[in-house]
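Reader: I'd like a close look at the empty spaces inside this protein. Could you walk me through what lines them, and then show me what sits around those spots?

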Amino acid sequence: MADVVQYNMERMLPELDDLERRALFSRHEIAEIVKQRRKFEYRLKRPSTLKQDFVAYIGYEKSLDSLRLLRKKVLMKKTGDRKLKKSVSDYAGVSRIIQIYRLATSRFKGDIELWFHYLEFCRERRNGRMKKALAQAIRFHPKVPGVWIYAAAWEFDNNLNAAAARALMHSGLRACPTSEDLWVEYLRMELTYLNKLKARKVVLGEDEGTLARSVKNAKEEQWIDENKELFMTLDDKREDDKVSNLPDGDSKEKLDLFREQGLSVLQTVYSGSIKALPSSFSLRTQFLEILEATDLAHSEDMRNEILADMKRDFSKEPKYWDWLARQEVIDLNNPETTEAVTADQLSRAIQVYEEGLKFLPSASMLDCYAKFMMDVIHFKHQGSQSSEHFSAASHAVDPISHLLVVYEKAETMGCITEDVACQHVSFLLQLGKVDEAKTLVEKFCSGNFSEAVQLWALRFSIEMRFIQKNCTPNKAALSSIFEPLRDVLLKVPISEAETIWLMALKYFSIHKQFFDKLVETSMTLLAKYGGSDDGFSLSSTNINFVLQRDGLGRARELYKRFLALPHPGLSLYRSCIELELNLASSGDKISLGNARKLFETALTTYDQDVGLWQDYYNMEVKMGTSETAAAVHWRARKTLRKSISLLPSQ
């Protein structure tokens, strides 16, 4: 290994001599470069080379080459020589980076991210290795659509070779026929190629315009119509001459030649894509976006054909009706849009949703309907200009009232879900209708959503607001909400009721009688389900509240009761140990002994947990003696035979 590293270092001598001779780096800096490169070279020759070794070496060489280029520019400015002759140091850095990339991709052939970094570096530096690197990337990753797209884009944009790009796209579609990105990018490439051909005809004076559709809003078109005298019609004479010189009937055909070809390409690609991906809805929408952005012959007929196919294939899916309705209005998700949703647009969108409900009377359809109306309301209030326009033009449909109708319709049809029910209650709260929200959430919680955690959390927050607003909290008022809440907590698993538990413990912590009942309820549930090692730990949460409320003595009593239950859980042990260690660090002599007892009790069940042994050993190192630390370390290594390397060395 040392011989190979030394050989590689000796090969760098001409480059290093050139850097010193041209005064780009000092002798001390070159010595540091040699030191760093030798370190990286030894890393690359290790039996188990890591990807980070290659990445770090490449990053160092890129930074070094950037510094060399910067100093070279400064030197050229000082000497006034703008055409400094290139030498070996100008090429060696890039060649070395290419070589490291080649070694890295040979070692980690399956790392597609590394391959793309390699290709991007070759493209940026216009290195001749690019073609071979692309071929290797395709050979090792023929099922990755991005590789085919990257290769085709390089041939099309950099080499201006449309035939090679088309061949790559065809090969990619054969290898990955179910890739949406490949189909879409192939269509974009073909239309871009036609547009370039048309642009060349325009430059030669044989044609006019482009295939890109000119997008103007209504205000721009109105202003142009009102100010036609400001525009000079320079092309009128040429247009008349061109048309007059063509035989009758040929002028329009010549002008529409590229538009016809573009339509033919789109039809061909579209038919092939829907055969390969018949269930892809997003593919159809992307084709429609490309069609609307391109000026093609008979584009309206093609658009109607795609829409008809979408209705045939996706009329039983809510996403189709949701997309179709949102096409009737402007982009509600664009915060920079200044145009308002008009009454006609909103009415057409509502008609689409109503038609969709006839085809698909489902909860998901009503959920899309409600979210759309919420977007309209939010859009209405996001800007003063759009809000005024909407208010003036939307007297036919009030979005707020209509949204309430949608929620009621969901309930009437029996298609309401927990999320929609929460949205309904929350919307009433936003409107300030607290009484109606309280009545509605009680109705939901007493009916089909008697175990819905989100609704119970809403109900609890509303009830607490009522109790605090209308009267001083008394036993009767608190019992009215506590008892049904406790019944729900007994029915719902602890892991699903985290939100309610946290709200209840926080609020009732100042009411001893109800708080003690909650603690007993948690005892019952933990005895039934056991403690949790991951996520929410009800026992630990109870202990923290008791510690803040009643002090250390009560907290110790409580955690001993929790530990006496079946399967207390490792997280509970860790919480109790942390509590005792915090007290031990502040000088409590009893706490260290309690922590040791907790560790020993936990290890009777979790003796294969490496982290637990590490924490035990670290505690003895910090707070115990060398003998106790050594004893824990010896026991851990004896118990963890397969995980000895994970333990710290003594």
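Author: Leu526, Gly530, Gly531, Ser539, Phe562, Leu565, Pro566, His567, Pro568 and Leu572 line the second largest cavity. Keep in mind that you're looking at a predicted model. The space these residues enclose has a volume of about 40 Å³. Sort its lining by character and you get six nonpolar residues, four polar ones and no charged ones.

How many cavities of 30 Å³ or more does a search of the whole structure find? The search turns up two, and the largest has a volume of about 70 Å³. Its lining is made of Glu15, Leu19, Phe25, Arg37, Glu61, Leu64, Asp65, Arg68, Ser89 and Gly93. Here the split is three nonpolar, two polar and five charged residues. So the counts of charged residues are five for the largest cavity and none for the second largest. Three helices each supply at least two residues of that lining: H2 (13-21), H4 (51-79) and H5 (88-107). The largest share, four residues, comes from H4.

Let's stay with H5 for a bit, starting with aspartate 90, which has its place in that helix. Is aspartate 90 buried or exposed? Aspartate 90 counts as buried, because its relative accessibility is 10% and the buried class covers anything under 20%. Leaving aside neighbours within four places in sequence, aspartate 90 is in contact with Arg22, Arg68, Lys72 and Lys85. Arg68 is a name you've already met, as one of the residues lining the largest cavity. Asp65 is also in that lining. The C-alpha atoms of aspartate 90 and aspartate 65 are separated by 8.7 Å, and the two residues are 25 apart along the chain.

H5 comes up again at an open site, the second largest pocket, where about 360 Å³ of space lies. That pocket is lined by 14 residues, and the closest to its centre are Asn8, Arg11, Glu41, Arg96 and Gln99. Which helix gives the most to this lining? That's H5, with seven residues. H3 and H5 each supply at least two residues. By character, the pocket lining divides into six nonpolar, three polar and five charged residues.

Now follow H3 away from the pocket, to the aromatic rings. The helix spans residues 27-44 and holds phenylalanine 40, which pairs with tyrosine 60 in helix H4. The two residues are 20 apart, and the pair links distant parts of the chain. In general, a pair of aromatic rings is described by the distance of the centres and the angle of the planes. For phenylalanine 40 and tyrosine 60, the centres are 5.6 Å apart and the planes meet at 40 degrees, which is why the pair is tilted. A stacked pair would need planes under 30 degrees apart, and an edge-to-face pair would need them over 60.

The two partners aren't equally covered, if you look at their accessible areas. Phenylalanine 40 has a relative accessible area of 7%, so this ring residue is buried. Tyrosine 60, at 21%, is partly exposed. Phenylalanine 40 also has a charge for company: the charged end of lysine 39 sits over its ring, 5.5 Å from the centre. You can find another such arrangement at arginine 107, which lies over the face of phenylalanine 108 at 4.9 Å from the ring centre.

Elsewhere there's plenty of aromatic pairing to browse, with 26 pairs found in a search of the whole structure. One aromatic cluster is formed by Phe281, Phe314, Tyr320, Trp321, Trp323 and Phe359.

One more residue is worth a stop, glutamine 136, which has its place in helix H7 (residues 130-140). Its relative accessible area is 17%, so glutamine 136 is buried. Not counting residues up to four places away in sequence, glutamine 136 touches Trp115 and Arg129.

Finally, zoom out to the chain that carries these sites. The chain has 33 helices and zero strands. Of its 650 residues, 42% count as buried, and aspartate 90, phenylalanine 40 and glutamine 136 are among the buried ones. Take the contacts between residues at least 6 apart in sequence: 63% of them join residues at least 24 apart.

Conventions: Residues numbered from 1 in each chain as written. Predicted model: local features only at pLDDT ≥ 70, side-chain atom pairs only at ≥ 80, totals over all residues. Heavy atoms only, no water. 1 Å grid on protein atoms, 1.4 Å probe; cavity = no way out; pocket = protein on both sides within 12 Å on 5 of 7 lines; lining within 4 Å. Points joined across faces, edges and corners; volume = space filled by probe spheres on them. Nonpolar A, V, L, I, M, F, W, Y, C, P; charged D, E, K, R; others polar. Phe/Tyr/Trp six-rings, centres within 6.5 Å; stacked < 30°, edge-to-face > 60°. Buried < 20%, exposed > 50% of the residue type's maximum accessible area, 1.4 Å probe, protein only. Lys NZ or Arg CZ within 6 Å of the ring centre and 35° of its normal. Contact = heavy atoms within 4.5 Å.
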